[in-house]
Amino acid sequence: ARLIAKDDAILAGQAMMAWVMAASAEKSERMLEKARVQLSGLERQLEHVSDTARQQSAAIQKAQAEQKATVGKMLVQDSIVLLGLSFRFWLREAEKRRSKATHKAQNAFLTNKFA
């Protein structure tokens with residue numbers, strides 16, 4: 001009877017251990033499933049952040065290209081204005097020289113005519 005009681009106790013202990021292990025495994029599976037769900041959510045968030053970063057990078061590159069183009073246009077416009085001013089200056093200088101030469105020629109002509 002003692003042996004049977006001892007065997008029953010061992011079997012009961014083993015059954016209890018099996019039940020604890022099964023419950024632990026079930027709890028581990030539930031925790032693993034929760035972790036999978038959380039990981040999936042984090043992957044979606046990461047993808048969203050990556051998309052946003054790509055869009056912002058593209059927008060920055062576009063803005064930089066537009067800024068460079070604007071600066072280039074402004075430089076061309078400034079160069080044209082400076083060229084125009086320079087041209088006007090040299091026209092005025094040429095007109096002054098022509099006017100001086102004309103007056104000298106007129107004076108020389110008049111001086112020679114009445115001399």
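**Figure 1. Glu33 and Arg36 are joined by a salt bridge.** In this predicted model, the closest N and O atoms of Glu33 and Arg36 lie 3.5 Å apart. Both residues belong to helix 1, where a spacing of 3 residues places them about one turn of the helix from each other. Glu33 has a relative accessibility of 42% and therefore counts as partly exposed, and Arg36, at 48%, is likewise classed as partly exposed.

**Figure 2. Arg30 pairs with Glu26 in a salt bridge.** Side chains of opposite charge can pair when their charged atoms come close. Here the closest N and O atoms of Arg30 and Glu26 are 3.1 Å apart. The two residues stand 4 residues apart in helix 1, so about one helical turn separates them. Arg30 is partly exposed, because its relative accessibility is 46%, and Glu26 falls in the partly exposed class with a relative accessible area of 47%.

**Figure 3. The side chains of Lys96 and Glu93 meet in a salt bridge.** The N to O distance in this view is 3.6 Å. Lys96 and Glu93 are 3 residues apart in helix 1, which means that about one helical turn lies between them. With a relative accessibility of 52%, Lys96 counts as exposed, because the class begins over 50%.

**Figure 4. Glu47, Asp51 and Arg54 form a network of salt bridges.** This view shows three residues that are linked to one another through salt bridges in a network. For context, a search of the whole structure finds 6 salt bridges.

**Figure 5. Phe89 and Trp90 make up the 1 aromatic pair of the structure.** A pair of aromatic rings is described by the distance of the centres and the angle of the planes. For Phe89 and Trp90 the ring centres are 5.0 Å apart and the planes stand at 75 degrees, so the pair is edge-to-face, a class that requires an angle over 60 degrees. Phe89 is itself partly exposed, its relative accessible area being 40%.

**Figure 6. Met16, Trp19 and Val20 make a nonpolar surface patch.** The patch made by these three residues covers about 370 Å². Val20 is placed in helix 1, which runs over residues 2–114. At 41% relative accessibility, Val20 counts as partly exposed. For the protein as a whole, the exposed surface amounts to about 10,900 Å², of which carbon and sulfur atoms supply 65%.

**Figure 7. The setting of the close-up views is a protein with 1 helix and 0 strands.** The radius of gyration is 49 Å, well over the 13 Å that the globule rule gives for 115 residues, so the protein is more spread out than a compact globule. Along the principal axes, the C-alpha trace spans about 165 × 15 × 5 Å. Of the 115 residues, 1% count as buried, the cut-off for that class being a relative accessible area under 20%.

Terms used:
Residues are numbered from 1 along each chain as its sequence is written. This is a predicted model: local features need pLDDT of at least 70, side-chain atom pairs count only at pLDDT 80 or more; totals for chains, interfaces and linings use all residues. Side-chain values use heavy atoms; hydrogens and water are left out. Patches are made of residues with over 30% relative accessible area and no salt bridge: like charges are joined within 9 Å, nonpolar side chains (Val, Leu, Ile, Met, Phe, Trp, Tyr) within 5 Å. Accessible areas come from the Shrake-Rupley method with a 1.4 Å probe; for residues, only the protein chains shown count as cover. A salt bridge is a side-chain nitrogen of Lys or Arg within 4 Å of a carboxyl oxygen of Asp or Glu. Buried means under 20% relative accessible area, exposed over 50%, partly exposed in between (1.4 Å probe, protein chains only). Rings of Phe, Tyr and Trp (its six-membered ring) pair if their centres lie within 6.5 Å; planes under 30 degrees apart count as stacked, over 60 as edge-to-face and the rest as tilted. The radius of gyration is taken over C-alpha atoms; the globule rule is 2.2 Å times the number of residues to the power 0.38.
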